[in-house]
Protein chains: 2
Amino acid sequence: MKATLIYGAGDVRVETVPDPKLHEPTDAIVRVLRSCVCGSDLWPYQAKPAQDHGDRIGHEFLGVVEETGSDVTGLKAGDVVVAPFVWADNTCDFCQEGLQTSCRHGGGWGSPGVDGGQGEAVRVPQAAGTLVKLPVGEDSALLPSLLTLSDVFPTGHHCAVTAGVNPRTTVTVIGDGAVGLSAVLAARRLGAERIILMGRHADRTDLGRDFGATDVVSERGDEGVERVRELTGGDGTHVVLECVGLKPAIETAFGIVRNGGTVSRVGVPQYPDVPAGFGVFFRNITLTGGVAPARAYIEELLPDVLDGSVEPGRVFDRTVALDDVASGYQAMADRTALKVLIQP
Amino acid sequence: MKATLIYGAGDVRVETVPDPKLHEPTDAIVRVLRSCVCGSDLWPYQAKPAQDHGDRIGHEFLGVVEETGSDVTGLKAGDVVVAPFVWADNTCDFCQEGLQTSCRHGGGWGSPGVDGGQGEAVRVPQAAGTLVKLPVGEDSALLPSLLTLSDVFPTGHHCAVTAGVNPRTTVTVIGDGAVGLSAVLAARRLGAERIILMGRHADRTDLGRDFGATDVVSERGDEGVERVRELTGGDGTHVVLECVGLKPAIETAFGIVRNGGTVSRVGVPQYPDVPAGFGVFFRNITLTGGVAPARAYIEELLPDVLDGSVEPGRVFDRTVALDDVASGYQAMADRTALKVLIQP
């Protein structure tokens with residue numbers, strides 16, 4: 001079969017690799033219907049040192065079960081399923097607490113010996129715990145939105161949930177990438193009525209308005225902080241959803257959060273620490289968020305995707321064939337595409 | 001009247017100052033029955049540059065109302081009252097949210113033009129909002145425990161509440177000072193059944209055991225982290241209450257908190273930032289806490305103090321007369337006293 005490998009920064013290739021086979025009785029084989037490129041894939045795409053062998057990449061996919069190991073319950077060949085971006089047994093204590101990203105028997109796609117999602121098929125460890133069956137056919141028009149259940153929509157949702165977003169909280173979302181827009185959608189879905197989106201790409205912030213943003217702030221840094229404070233009577237917002245991961249973004253978050261409020265972050269941090277001195281302490285600011293246990297949220301979010309009340313798949317603004325995945329990476333790196341869907 | 005002034009590190013004096021008078025119709029004058037020295041008073045006591053004038057100091061006191069301004073409702077001369085360590089109108093939006101430390105019309109004791117608590121009397125701004133009437137007489141044996149409602153007990157409680165302590169959470173408390181011991185007491189009161197206290201002063205950790213600590217860890221740093229992890233099957237505790245404020249303590253907190261757990265801090269931070277890189281992110285650690293809005297908690301905690309089901313006043317292990325307050329500071333700085341009560 002064909003799969004995507006990354007050899008280093010700017011060097012993504014599609015190559016023929018061995019077809020996946022069941023290794024463990026808890027495995028399943030899934031033929032991929034749709035996968036996509038994540039903003040976090042861009043970190044290695046921009047910085048990975050060159051190496052002479054490729055590493056599997058991709059952690060978001062949706063497909064059809066082809067084969068199941070003898071211990072896999074609840075799934076059978078032909079089922080359409082979505083995989084969260086971390087596989088997990090969904091039974092250990094962490095999973096029971098909704099923290100499947102810390103599963104005692106889980107792991108990440110593309111880690112050594114584990115397939116990546118950007119390929120024609122994937123061996124899925126802990127398949128019964130990992131995969132969620134979708135009540136749609138292989139040709140459903142909902143596949144793009146359902147694919148977002150793998151990562152980007154639950155990630156935005158996790159950001160909003162850990163921040164405690166509800167109808168009484170005012171919200172700022174930092175970042176107009178796919179995660180930021182998903183956070184807008186999630187915050188609106190949780191009832192937030194005032195959602196300020198910080199971003200400077202009009203096509204993206206327009207989608208953000210469709211998703212529920214009530215205000216758009218294009219300024220950054222101190223000017224951005226000032227602008228949000230102007231919009232909120234000087235106080236800032238109860239919640240700031242930081243969906244970038246860069247130091248200036250998290251610093252902005254602390255600048256615009258209201259006293260007693262919460263900064264939640266789901267942008268993979270490209271910084272070692274956050275401001276937490278006397279000012280943050282005196283203002284009683286909470287920092288929360290982290291890598292999203294997507295698996296914990298899929299059942300909750302699925303009905304709203306199925307009935308069309310949310311359309312998170314609108315973050316996909318380009319579709320490429322698997323063979324053209326490199327162009328998808330480049331388009332996202334160049335910011336000519338928001339999020340790229342891959343159709344093997 | 002006499003009041004305590006600080007002239008610089010190691011230089012605390014009791015001097016005669018003008019008797020307090022009503023300035024605003026919202027003021028009250030309170031004759032102090034008991035005050036005390038806070039761990040946070042030790043920061044200026046150890047580091048304040050020498051100056052030629054003294055600054056008022058002290059932010060914990062309990063006393064008798066002597067006079068009230070024309071706008072003060074609910075209080076009359078003769079009432080025994082406790083003052084939280086920040087004064088507040090208790091009506092603004094922040095106060096209504098339980099964040100009196102951010103009151104729009106509040107402030108701190110000992111700030112310019114405002115009396116400190118370590119004196120014979122205090123002018124109390126926003127008296128109706130600030131003061132809480134206590135149903136006891138001037139000679140009540142409960143005065144020490146009631147005085148802790150001013151700061152140290154609500155501070156420990158705030159740490160536990162913001163961390164979400166409940167009967168299902170395992171807890172580590174870092175620090176065996178008066179705040180740490182109060183955090184133990186508060187965590188136990190909120191139902192925590194496993195409370196690990198990190199401290200190395202046997203007399204203090206013995207009191208911690210009386211307050212509810214189930215385990216004591218005297219090791220610090222990496223050894224302390226390892227010991228707590230050993231005690232918790234390798235996982236750490238759901239909650240870590242950081243009651244010191246120094247960098248090594250907050251680093252230890254991140255080292256021993258369980259994945260998905262919460263670090264709450266009430267030690268005034270003597271550090272500018274906290275670790276928040278990929279590891280903390282991947283583990284979904286929340287950082288919360290801050291300066292405690294003591295006023296928000298007094299009504300809730302008061303009944304348990306009155307009926308003796310908690311005895312937070314046991315943190316006082318020395319009593320000095322106001323004239324001897326300097327010896328109280330020195331004893332706390334030398335760690336020969338845990339917390340010093342002042343009886344004017």
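Student: How far apart are the centres of domain 1 and domain 2 of chain A?
Tutor: They are 27 Å apart, taken over C-alpha atoms. Keep in mind that this is a predicted model.

Student: How many residues does each domain put into the contact?
Tutor: Domain 1 of chain A gives 18 residues, and domain 2 of chain A gives 20 residues.

Student: Which stretches of chain A make up the two domains?
Tutor: Domain 1 has two stretches, 2-151 and 293-343. Domain 2 is 155-289.

Student: And what area is buried between domain 1 and domain 2 of chain A?
Tutor: About 1700 Å². Carbon and sulfur atoms give 61% of that.

Student: How many salt bridges cross that domain interface?
Tutor: The rule finds 3 salt bridges between domain 1 and domain 2 of chain A. Look at A:Asp210 and A:Arg314. They form a salt bridge, with their closest N and O atoms 2.7 Å apart.

Student: Why can side chains pair like that?
Tutor: Because side chains of opposite charge can pair when their charged atoms come close.

Student: How many residue pairs are in polar contact across the two domains of chain A?
Tutor: There are 6 such residue pairs, both residues being at pLDDT 80 or more.

Student: Which helix gives the most to domain 1's side?
Tutor: Helix H11 of chain A, residues 294-306. It supplies 4 residues to the side of domain 1 that touches domain 2.

Student: How does that side of domain 1 divide into nonpolar, polar and charged?
Tutor: It has 10 nonpolar residues, 1 polar and 7 charged.

Student: New topic. How many residues does each chain bring to the contact of chain A and chain B?
Tutor: Chain A brings 38 residues, and chain B brings 38 residues. Together the chains bury about 3000 Å². Carbon and sulfur atoms account for 52% of that area.

Student: How many salt bridges are there between chain A and chain B?
Tutor: The count is 6. One pairs A:Arg258 with B:Asp93, the closest N and O atoms being 3.2 Å apart.

Student: How many residue pairs are in polar contact between chain A and chain B?
Tutor: 24 residue pairs, with both residues at pLDDT 80 or more.

Student: Which parts of chain A touch chain B?
Tutor: Several elements of chain A each supply at least two residues to that side. Among them are helix H2 (93-96), strand E15 (257-265) and helix H10 (278-282). The side of chain A that touches chain B has 17 nonpolar, 13 polar and 8 charged residues.

Student: What about E16 of chain A, parallel or antiparallel to E16 of chain B?
Tutor: Antiparallel, and 3 bridges join the two strands. In one of them, A:Asp273 has B:Pro275 as its bridge partner.

Student: How many salt bridges turn up in the whole structure?
Tutor: The search finds 42 over all chains. A:Arg31 and A:Glu66 make one of them, 3.1 Å from N to O. A:Arg31 sits in strand E3 of chain A, and A:Glu66 sits in strand E5 of chain A. These residues are 35 residues apart, so to speak in distant parts of the chain.

Student: Last one. Where does B:Arg335 lie?
Tutor: In the loop between helix H12 (325-333) and strand E19 (340-343) of chain B.

Student: What does B:Arg335 touch?
Tutor: B:His201 and B:Arg204, leaving out residues up to four places away in sequence. B:Arg335 is also 9.4 Å from B:Gly177, C-alpha to C-alpha, though 158 residues separate them in sequence.

How values were computed: Residues are numbered from 1 along each chain as its sequence is written. Chains are lettered from A and ligands numbered from 1 in the order in which they are written. This is a predicted model: local features need pLDDT of at least 70, side-chain atom pairs count only at pLDDT 80 or more; totals for chains, interfaces and linings use all residues. Side-chain values use heavy atoms; hydrogens and water are left out. Domain bounds come from an automatic or database domain assignment. Contact means heavy atoms within 4.5 Å. Buried area is the accessible area (1.4 Å probe) that two parts lose on being put together, summed over both. A salt bridge is a side-chain nitrogen of Lys or Arg within 4 Å of a carboxyl oxygen of Asp or Glu. A polar contact is a pair of N or O atoms within 3.5 Å; within protein, one must be able to donate a hydrogen and the other to accept it, and residues adjacent in sequence count only if both atoms are side-chain atoms. Ala, Val, Leu, Ile, Met, Phe, Trp, Tyr, Cys and Pro count as nonpolar, Asp, Glu, Lys and Arg as charged, and the others, Gly among them, as polar. Two strands pair if DSSP finds at least two bridges between them.
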